[in-house]
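Please look over the chain below. A short report follows, with headings for each region.

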Amino acid sequence: MVVGLVGSGNMARALARGWGRPVLCTDVVDARARALAEEVAGEAVATNAELARRADLVVLCHKPAQLAEVAAEIGDDARAVVSILGGTPLAAVRAAYPGRPVYRVLPSTPVEVRQGAVVLAADAAQDGATDAAVRELFGELGRLVVLDDALVDTAMALMSCAPAYVALVAEAEVDAGVRGGLPADRAAELVVQTLAGTAELLVRNGYDTLAVRRQVTSPGGSTARGLDALERGGVRAAFSDALDAVLQRGRWSA
C-alpha cells in the first residue's frame, strides 16, 4: 500500500517513523516535507492532488481548519482517506470526501516507537480489503482501540496529551530526586526506566492499575505514605481538570 501524508508535522513524522518505510508527503512548508521524505526514503511531491493520484491511501495530517481547502485540492483523486484531524467528526470528513472509504484515526506520538495508542472510530463496513488494510497498517503502530466516534475527542484529550503529562510527571520526580541528592542524569535514568517497566506491568496485568499499585504498597509503609501525600496534593483532581481544560478549548492544536 502506497501511503501519502498530507502534512509533514510532528504527528505525520511519528507515523512515518513508526511504519519505517517510504511514504509520499506534502506540506505547506516545502522544506519540512523534503526533510521527512529524506528521513524515510520517501518522496516529497509538489501538490496534494499529485499525492492523491499516486497514493493508495491518503492520510490527512494537516490542520483541522484546512479540511475543505485540502479536499478541494484533492478532488476525486483520493482512493481512500484516513483523517487524524482532531475535533473533526467522521461525518465531516465523509462529507468532504464523498463516495470513497473514509476512516477516522487518532494516534499518539509513541507510535514512532510502535508503542502508541491508536483510536479507530467505529463505522459500518465500507470496502472489505481497504477496511482490513487500514486496521493492519495502524495496528502496526501500537494498540488499536475502536471507539464510537462521539468518544474520540475525549480519547484524544486523554491519550494524545498524555506523553506531555507523563514527561511532566517524570520531570517532577527527577527534580524531587535531585533535591534528595541524586545527580540529575541518574535520577532521570531511574525514573524513566521505572515508568517504562511499570507500563509493561500494567499491560501484563490487564490494565489493572489497582493491582499493580497494591503490589508495591505495604500497609503503613513508605509507598503508602507517598501515595497519601500525592492524594492530598490533588493528583487525581489535577488530571481531571486537565481533561476538562483540553475538551473545553473547543479546537485542537499541539
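## Helix α7 and its surroundings

Which elements do the buried residues of α7 pack against? They pack against three strands and two helices by name: β6 (102–106), β7 (116–121), β8 (142–147), α8 and α12. The model discussed here is predicted. The buried residues of α7 are Val152, Ala155, Met156, Ala157 and Met159.

Helix α7 spans residues 152–160, and helix α12 spans residues 235–248. Their axes lie 9 Å apart and make an angle of about 125°. Angles from 115 to 145 degrees count as oblique, and α7 and α12 are therefore oblique to each other. The crossing of α7 and α12 is right-handed. On the α7 side, the contact is made by Asp153, Thr154, Ala157 and Leu158. On the α12 side, Leu243, Val246 and Leu247 make it. By class, the residues of this contact of α7 with α12 divide into 5 nonpolar, 1 polar and 1 charged. Ala157 is buried in α7 and is also among the residues that meet α12.

## The α8–α9 pair

Two packed helices are described by the angle between their axes and the distance between the axes. For helix α8 (residues 162–179) and helix α9 (residues 184–204), the axes come within 9 Å. They cross at roughly 135°. Helices α8 and α9 are therefore oblique to each other. Their crossing is right-handed.

Which residues of α8 meet α9? They are Val166, Ala170, Glu173, Val174 and Val178. Their partners in α9 are Ala184, Ala187, Ala188, Val191 and Leu195. The residues of this contact of α8 with α9 divide into 9 nonpolar, no polar and 1 charged.

## Helix α1

Is helix α1 mostly covered or mostly open? Helix α1 covers residues 10–19 and is mostly covered, with 7 of its 10 residues buried. These are Met11, Ala12, Ala14, Leu15, Ala16, Gly18 and Trp19. The buried residues of α1 pack against two strands, β1 (3–6) and β4 (57–60). They also pack against two helices, α2 (30–39) and α6 (128–139). Just after α1 comes Gly20, which takes a positive phi of about 65°.

## Two buried residues of α1

Trp19 lies in helix α1. Its relative accessible area is 3%, so Trp19 is buried. The cut-off for buried is under 20%. Leaving aside neighbours within four places in sequence, Trp19 is in contact with Val3, Leu5, Arg114, Leu137, Phe138, Glu140 and Leu141. Leu202 is 183 residues from Trp19 along the chain, and the two C-alpha atoms are separated by 25 Å.

Ala14 is also found in helix α1. Is Ala14 buried or exposed? At 1% relative accessibility, Ala14 counts as buried. Not counting residues up to four places away in sequence, Ala14 touches Thr109, Val111 and Glu112. His62 is 48 residues from Ala14 along the chain, with 14 Å between their C-alpha atoms.

## Positive phi outside glycine

Ala41 has a phi near 60°, a positive value in a residue other than glycine. Where is Ala41 placed? Its place is in the loop between α2 and β3 (43–44). The relative accessibility of Ala41 is 58%, so Ala41 counts as exposed. The cut-off for exposed is over 50%.

Tyr207 likewise is a residue other than glycine with a positive phi, here near 65°. Tyr207 is found in the loop between α9 and α10 (209–215).

## The chain overall

How many helices and strands does the protein chain have? It has 12 helices and 8 strands. Along the principal axes, its C-alpha atoms fill a box of roughly 65 × 35 × 35 Å.

Of the 254 residues in the protein chain, 34% are buried. The accessible surface of the chain comes to about 14000 Å². Carbon and sulfur atoms hold 56% of that surface. Among contacts in the chain with a separation of 6 or more, 55% come from residues 24 or more positions apart.

Definitions and conventions: Residues are numbered from 1 along each chain as its sequence is written. This is a predicted model: local features need pLDDT of at least 70, side-chain atom pairs count only at pLDDT 80 or more; totals for chains, interfaces and linings use all residues. Side-chain values use heavy atoms; hydrogens and water are left out. Buried means under 20% relative accessible area, exposed over 50%, partly exposed in between (1.4 Å probe, protein chains only). Helices (H or I, at least four residues) and strands (E, at least two) are DSSP runs, numbered from the N terminus. Contact means heavy atoms within 4.5 Å. Axes are lines fitted to C-alpha atoms, for helices over the stretch in contact, and angles run from 0 to 180 degrees between N-to-C directions. Angles under 35 degrees count as roughly parallel, over 145 as roughly antiparallel, 65 to 115 as roughly perpendicular and the rest as oblique. A crossing is left-handed if the near helix is turned anticlockwise from the far one by less than a right angle, and right-handed if clockwise. Ala, Val, Leu, Ile, Met, Phe, Trp, Tyr, Cys and Pro count as nonpolar, Asp, Glu, Lys and Arg as charged, and the others, Gly among them, as polar. Accessible areas come from the Shrake-Rupley method with a 1.4 Å probe; for residues, only the protein chains shown count as cover.
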